Amino acid sequence: MGGLREVAASFVVRGPTGVAIRDRLRVSESDAVVLAEVGVYLGSLAAGDLAERSRQGLAHDAAGWAVRKRELTGRSSARWAGSITKATHEQWALARRGQAAYLAWLRTQIASIEARLMRPLGAKADKREGLVCGYASRGEWHAKSRRRYTLKDRLTMVEADWQAGRVHVVRGGKRLANTRHHLAAAGLSERAWRERWRAERMFLAADGETGKRFGNETIRVTDTGQVSIKLPAPLVRLANAPHGRYVLNATVAFQHRGQEWLDRIIANRAVAYRIHHDTVRGRWYVTASWQRAAAPVLPREAALARGVVGVDMNDDHLAAWQLDVHGNPVGEPQRFFYDLSGSAGHRDAQIRHALTRLLHHTRRCGAAAIAIEDLDFTDGTSREKHGRNKRLRRLLSRFPTAKLKTRLVSMAAEQAVAIVAVDPAYTSRWGAQHWQKPLTTPRRKMSRHDAASIAVGRRALGHPIRRRTAPPHPDQSDRGGHRTVQARPDTRRREETRPHLPGPRTRCAPPGRGVKAGDQGAQHRSEHPAEQDSWQQDTLPLSP
């Protein structure tokens, strides 16, 4: 019992506060030339501003921001300068968060390696004593000791950057920059790589402003779908409309959330736009985004008033089972498969399709909530944690826990379905222990994942994972009144296994208990005074 960790309380996940929609821009060749020229020029300004912001480090203040914005205004416009400096600050802040996460990862890896280096070779792990396993061979021990010094040197450099407020950002992406040295392996020519590199470094994004015409003065999209761009000062010669604007021949017609977007721009509410070029497909796209008012979070009791659909997330499918308010499984288990191999776009489409089927199943069941595990594999993919199990480490690395949860929350909000996050501790183990065998029938083959979905749903409802024991037979003394394991949600330690009680499992009263505890003669039935059988020996006389 001492080895079990405390199970965290379940909670209803807060819904999304932002919306983003995208549509294709079927631009002409002349429009594409203008968009590319504007994007490349503004991208060069954004790169210079990011370098200047990184040089300022922790000494940045509002006065320094104003100076940078004033310099960019003369080279573009006031609105473009505001968009560039805001994007620079967001990129710098994102790099700082990544730097902090990298520092934590380095310290964790160094501590794990040092703990294993201190153990003898081949030593087994002892969870009760908090001891990790030792390395398998002397060669592995030596390699890990060298890696420890490498990580320590890297930690020293990252800590120095952190103290100085210095960040390292590659506009266009570090992966794409490294691909330049491996064009044959990537299947790209130098010209194709340069086109992709230029497209990734372009800057064509502008934040909206409430009260301005159609919610954005820099990149304006009208209610008829007409797109126009405010040109920077050096490129005003490209304008084909008054006030230094360029109107595209292509129009926009947002299909997804189109009415919501139209209501915003008609009311002159802020909408941010971003135009980007997909060089692989040879297409231009425009993305519109805006913020929503934060919706109040439903109380957990209200969200679970009609039961819940428990979901166990796996590498290739989602296992789901509907539970009523009492925690009983209803109907048959459901499995929604997806394939995580292939490109990122293919994986994303597979996840969306599986989540769509899950939401449709939830609506058909009449439930208003989905229970999922609050998983996080960010620290569980290293060699130090899982040893030589490459298959498990590869599985954890590619499992999209964050993307799956984010997409499910966003998609469920549109279907008025609440998402309840539960602690994932022991759900698979206890689900298989208490539910896999009882629910297995000749026509139903239960898996550990199906049983885990029941465990997730019961934990969200506040019930213990273990099943209710059957009542005693009617011919026993308590007459069916002994139902003890259905603990209330506020009962402490309800998720844990039953404690082991010493002694025999009988209904007999132990010595010194019961209605005849004071009658010492009743303790030994063979010598009870009331027994006057023929074989009982009489009391011997005290004197002859």
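## A buried arginine

A polar contact, as used here, is a pair of N or O atoms within 3.5 Å, one able to donate a hydrogen and the other to accept it. In this predicted model, the side chains of Arg444 and Glu332 make such a contact, at 3.0 Å. Arg444 also has a backbone partner: a polar atom of its side chain lies 3.0 Å from the backbone oxygen of Leu439.

Where does Arg444 sit? Look in the loop between helix H14 (427-436) and helix H15 (448-461). Despite being in a loop, Arg444 counts as buried, because its relative accessible area is 16% and the cut-off for buried is under 20%. Leaving aside residues up to four places away in sequence, Arg444 touches Trp321, Gly331, Glu332, Pro333 and Leu439.

## Helix H1 and what follows

Helix H1 covers residues 29-56, 28 residues in total. At 1.5 Å a residue it should span 40 Å, and its end C-alpha atoms are 41 Å apart, so the two values agree. Just after H1 comes Gly57, with a positive phi of about 60°.

## A three-stranded sheet

Strands E4, E5 and E6 form an open sheet in that order, with antiparallel pairing. The edges are E4 (219-221) and E6 (245-251), each pairing on one side only. On average, neighbouring strands in this sheet are turned by 20° against each other, direction ignored.

How many bridges join E4 to E5? Three, with E5 (residues 226-230) running antiparallel to E4. For Ile219, the bridge partner in E5 is Ile229.

Key
Residues numbered from 1 in each chain as written. Predicted model: local features only at pLDDT ≥ 70, side-chain atom pairs only at ≥ 80, totals over all residues. Heavy atoms only, no water. Helix = DSSP H or I, 4+ residues; strand = E, 2+ residues; numbered from the N terminus. Expected span 1.5 Å × (residues − 1). Pairing = 2+ DSSP bridges. Axes fitted to C-alpha atoms, helices over the stretch in contact; angles between N-to-C directions. Buried < 20%, exposed > 50% of the residue type's maximum accessible area, 1.4 Å probe, protein only. Contact = heavy atoms within 4.5 Å.
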